[in-house]
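Student: Could you take me through the salt bridges in this model, looking closely at one pair and then at how the others are placed?

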Amino acid sequence: MTLRSLKQIIPALETSDGAGVRIKRSIGQQQNIRLDPFLMLDEFGSAEAADYIAGFPWHPHRGFETVTYMIEGHMLHEDHLGNRGDLRNGGVQWMTAGRGIIHSEMPQQEEGVMRGFQLWLNLPAAEKMTEAGYRDIQPEEIPEIVFAGGKVKLIAGTVEIDGQLHEGSVADRSTQPIYADIHLESAASVTLPVPESHNAMLYLYEGTASLADRALQRSAANILGANGDQIALTAGESGARLLLIAGKPIGEPVVQYGPFVMNTREEIEQTLRDYRDGRLTA
Ligand code: MN
């Protein structure tokens with residue numbers, strides 16, 4: 001057992017996306033700031049309707065997956081096939097854009113807090129042109145593992161806690177992603193396994209916490225070093241809430257043009273032609 005250490009901190013930058021939704025973007029703020037297989041991580045959180053009300057009207061995607069984790073709020077998802085999905089407090093939408101999706105993600109509230117995350121997970125070349133699909137994961141379907149001093153909501157992947165193996169809601173992706181929302185009480189500690197094969201980051205979004213003896217930065221991608229197979233977390237006095245996001249790197253070239261992520265420039269050009277000609281989702 002070796003503990004993984006903190007390698008690099010990428011503070012999130014305030015920006016806006018969609019029709020004017022205020023977000024904090026860490027991974028993905030520039031095209032060379034990624035953590036294979038992850039392309040982007042956005043945090044949204046505001047009690048001001050003006051920061052989120054414009055939402056994300058109709059737009060396309062190809063070549064990867066988006067994972068939206070709603071901590072608080074209500075969004076409606078609709079796509080070109082007529083699929084509709086409600087995303088509410090604590091729920092997750094796991095969307096495989098595959099060869100193509102055209103969708104909208106719109107707030108269903110005119111006041112109150114909207115808070116959550118959207119993660120972009122790349123697909124290997126062999127899976128980029130698969131059929132589009134969704135999993136709407138209700139909050140009660142997400143395994144919650146309680147331990148002394150805290151709990152883990154396991155959205156994806158397999159994690160061993162106190163000698164017991166737990167499987168998250170999503171456990172069938174080829175990059176074997178681990179997506180865990182970790183809640184720690186005041187001064188509580190936990191040790192969790194993270195396979196050495198995985199790139200990994202911690203995203204602290206509430207309170208304070210340290211990894212081994214290094215303080216984690218809030219609203220930042222705290223990237224872990226490559227060596228080691230465990231993480232040791234300790235919360236500060238006010239407790240902590242943080243995401244552990246880890247996955248097996250794909251190791252292929254990434255060519256991104258906005259909402260399209262392929263392996264080559266030619267594939268992006270083909271994607272743009274397909275979109276123009278109405279064949280993106282065909
Ligand atoms: Mn989208």
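**A closer look at the salt bridges**

Tutor: In this predicted model, R173 and E65 form a salt bridge in which the closest N and O atoms are 2.8 Å apart. The two residues lie 108 residues apart and link distant parts of the chain, with R173 in the loop between β16 (164-167) and β17 and E65 in strand β6 (residues 64-72). Their surroundings can be described in terms of accessibility: R173 is partly exposed, with a relative accessible area of 22%, while E65 is buried, with a relative accessible area of 1%.

Another link between distant parts of the chain is made by R115 and E206, whose side chains meet in a salt bridge (2.7 Å, N to O); R115 belongs to strand β11 (residues 114-122) and E206 to strand β19, 91 residues apart. In this pair E206 is partly exposed, with a relative accessible area of 29%. Elsewhere, salt bridges that share partners join R62, D274, R276, D277 and R279 into one network.

A further salt bridge brings together the side chains of R25 and D17 (2.8 Å, N to O). Here R25 has a relative accessibility of 13% and counts as buried, because the limit for that class is under 20%, whereas D17, with a relative accessible area of 31%, is partly exposed. These examples belong to a set of 16 salt bridges found in a search of the whole structure.

Notes:
Residues are numbered from 1 along each chain as its sequence is written. This is a predicted model: local features need pLDDT of at least 70, side-chain atom pairs count only at pLDDT 80 or more; totals for chains, interfaces and linings use all residues. Side-chain values use heavy atoms; hydrogens and water are left out. A salt bridge is a side-chain nitrogen of Lys or Arg within 4 Å of a carboxyl oxygen of Asp or Glu. Buried means under 20% relative accessible area, exposed over 50%, partly exposed in between (1.4 Å probe, protein chains only). Helices (H or I, at least four residues) and strands (E, at least two) are DSSP runs, numbered from the N terminus.
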